[in-house]
Amino acid sequence: MPASTSMAVNAQALLRWARRLLGLVALGAALQSHAESADCPPAAEPVSMDVAKLGDAADRGFMWRIDKGGRTSYLYGTMHVARRDWAVPGATLVSAIRASDVLALEMDVLDPSIMKRLLAAMAPRPQDALDDALKARLVAQIKAACLPEQILGVMSPEMASTTLVVMAARRQGLDPAYAIDRSLSEVGHGLGRAVVSLETPELQIAALRSRTHAQAKEAIEQTLQSLETGEATPLLLRMADVWAESRYSELDHYEDWCMCMSTESERALMKRLLDERNPAMAQRIDALHSSGKRVVAAVGSLHMIGPTGLPQLLAKRGYKVERVEFAPPGAVARQQ
C-alpha cells in the first residue's frame with residue numbers, strides 16, 4: 001500500500017474510532033459476543049467493583065483539580081475501551097470520589113432508562129438503507145468481529161460500523177466491557193454518591209450521525225476500509241496506551257498525530273463532537289459545583305484538551321485549575 005494511501009486510511013480509522021470514543025460510551029458493553037467460530041475471543045465480563053477493597057490500584061488517565069468558592073471538584077479524562085486490569089479505578093481517583101457528593105458522567109451506563117433511550121436513538125431508519133454490495137461488506141466485518149448480524153436490526157449501519165472499530169482490538173485484550181466509565185458508575189452508586197449524566201443519549205447520537213445519506217455512506221466505506229486493511233487496531237492500541245500510561249503531552253498534541261484534521265469535513269466533524277459539546281458540559285459541571293456540591297466529572301479524554309477543552313472552559317468561569325500528575329503505573333506496583 002502506498003504511504004499516502006496508508007496515511008489516509010490511518011486518519012480515517014482514528015477519526016472513526018474517535019467518533020465512537022467520544023460518544024457511544026455504553027454500546028459496546030451492551031453487546032454480547034457472538035462466537036461464530038473457535039477463533040472468536042471469549043465474551044468479556046465486566047469487572048465487579050468491591051468498593052470496600054478499592055484504593056490501591058494504579059492511576060491511569062488524566063485528572064485536573066478545580067477549585068472555586070471554597071470547594072474542590074475534579075475533572076477526569078476517561079477511555080471507553082480498555083484491558084481488564086485497567087478497569088479498577090486508581091487510588092487517587094477513588095479518593096476523589098469518596099470526597100465528592102456527585103459523580104458526573106457523560107452518561108450513566110448503569111441507568112436502564114439511559115440504555116433504553118440510547119438504543120432507541122441509534123435505531124435504523126428507512127433512509128439508512130445500504131446498497132447490497134456495501135451491506136455485504138459490513139455484514140462480513142460484523143461476523144469477523146464475532147457479533148451477530150442481527151445488530152443491524154437495532155442500530156443503523158453507520159452506528160454499527162463505528163462500533164466495529166472499537167471492537168477490532170478485542171483479540172488484543174481491549175474491550176468496552178472493561179471501560180473505566182462503567183466501573184466509575186458502579187463505584188459511584190456503591191459509595192452512595194449521586195450519579196448524574198451530563199448529556200442525553202439523543203444529543204450524543206445526533207452528534208455522531210452524518211448529516212446526509214451520502215456522508216453516512218462515505219463514512220461507512222472509510223471505516224470498512226480501515227477494518228479490511230487492518231489499520232484500525234494499531235491506532236486504537238496507541239490511544240489506549242496513551243491513556244493507560246497518562247501520556248498527557250502526547251494527548252495534548254493529538255491533532256499533530258491523529259491525521260484527522262486534514263480536510264474541511266474532518267474539521268467540521270471534530271468541531272461538532274468536541275467544540276460544540278464541551279460548553280454545555282462545562283456549564284452543567286459549573287452548575288453542580290456552584291450549587292454547593294463537590295463533583296467528580298468523568299468524560300472522554302479528548303474533551304479535556306485544547307482551548308475549548310473542559311479545563312480551559314472552567315478556568316474561564318473562574319476556577320483555579322491544576323492538573324494532577326499520576327505516578328507511572330509501574331511505580332505503584334513496585335511500591336506494593
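Is serine 246 buried or exposed? In this predicted model, serine 246 counts as buried, because its relative accessibility is 19% and the cut-off for burial is under 20%. Serine 246 lies in the loop between helix 10 and helix 11, and its phi is positive, at about 55°, although the residue is not a glycine.

Helix 10, which precedes this loop residue, covers residues 232-244 and thus has 13 residues; from its first C-alpha to its last the helix reaches 19 Å, close to the 18 Å expected at 1.5 Å a residue. The buried residues of helix 10 are Ala232, Thr233, Leu235, Leu236, Met239, Ala240, Val242, Trp243 and Ala244. As a point of background, residues three or four places apart in an α-helix point the same way, because such a helix has 3.6 residues a turn. A positive phi is also found at cysteine 146, where the angle is about 65° although this residue, too, is not a glycine. Cysteine 146 is placed in the loop between helix 5 (132-144) and helix 6 (157-167), and with a relative accessible area of 1% it is buried.

The strand pairing may be described starting from strand 1 (residues 62-68), which runs antiparallel to strand 2 and is joined to it by seven bridges. The two strands form a hairpin with two residues between them, and glycine 69, which lies in the turn, has a positive phi of about 65°. Within this pairing, methionine 63 has tyrosine 76 of strand 2 as its bridge partner, while tryptophan 64 stands opposite leucine 75. Strand 1 also pairs with strand 6 (residues 320-324), again in the antiparallel sense, over five bridges, and in this second pairing the bridge partner of arginine 65 is glutamate 322. Strand 2, for its part, pairs with strand 5 (residues 295-300) in the parallel sense, likewise over five bridges, with threonine 78 bridged to glycine 300 in strand 5.

Both members of the hairpin are largely enclosed by the rest of the structure: strand 1 because five of its seven residues are buried, and strand 2 (residues 71-78) because six of its eight residues are buried.

Aromatic contacts involve strand 1 as well. A search of the whole structure finds three aromatic pairs. In one of them, the rings of tryptophan 64 and tyrosine 248 have their centres 5.7 Å apart and their planes at 75°, so the pair is edge-to-face. Since tryptophan 64 lies in strand 1 and tyrosine 248 in helix 11 (residues 248-252), this pair ties together parts that are 184 residues apart in sequence. Both partners are buried, tryptophan 64 with a relative accessible area of 4% and tyrosine 248 with a relative accessible area of 18%. Ring pairs further link Phe62, Trp64 and Tyr248 into a cluster.

Internal voids were examined next. The count comes to two cavities of 30 Å³ or more. The largest cavity holds about 40 Å³ of space and is lined by Ala58, Asp59, Arg60, Tyr76, Trp86, Val88, Pro89, Gly90, Leu93, Ile180 and Trp243. Its lining comprises eight nonpolar, one polar and two charged residues. Two of the lining residues recur from the elements described above: Tyr76, which lines the largest cavity, is the bridge partner of methionine 63, and Trp243, also in the lining, is among the buried residues of helix 10. The second largest cavity holds about 30 Å³ of space, and its lining is made up of Pro46, Val47, Ala87, Ala177, Tyr178, Arg182 and Ser183, which by class gives five nonpolar, one polar and one charged residues.

In contrast to the buried positions considered so far, lysine 116 counts as exposed, because its relative accessibility is 65% and the cut-off for exposure is over 50%. Lysine 116 is placed in helix 4 (residues 112-121). The C-alpha atom of lysine 116 is separated by 9.2 Å from that of proline 201, a residue 85 positions apart from it along the chain.

Conventions
Residues are numbered from 1 along each chain as its sequence is written. This is a predicted model: local features need pLDDT of at least 70, side-chain atom pairs count only at pLDDT 80 or more; totals for chains, interfaces and linings use all residues. Side-chain values use heavy atoms; hydrogens and water are left out. Helices (H or I, at least four residues) and strands (E, at least two) are DSSP runs, numbered from the N terminus. Buried means under 20% relative accessible area, exposed over 50%, partly exposed in between (1.4 Å probe, protein chains only). Two strands pair if DSSP finds at least two bridges between them. On a 1 Å grid over the protein atoms alone, a cavity is a set of points where a 1.4 Å probe fits but cannot get out, and a pocket is an open set with protein on both sides within 12 Å along at least five of seven lines; lining residues have an atom within 4 Å of a point. Grid points are joined across faces, edges and corners, and a volume is the space filled by probe spheres set on the points. Ala, Val, Leu, Ile, Met, Phe, Trp, Tyr, Cys and Pro count as nonpolar, Asp, Glu, Lys and Arg as charged, and the others, Gly among them, as polar. Rings of Phe, Tyr and Trp (its six-membered ring) pair if their centres lie within 6.5 Å; planes under 30 degrees apart count as stacked, over 60 as edge-to-face and the rest as tilted. The expected span of a helix is 1.5 Å times one less than its number of residues.
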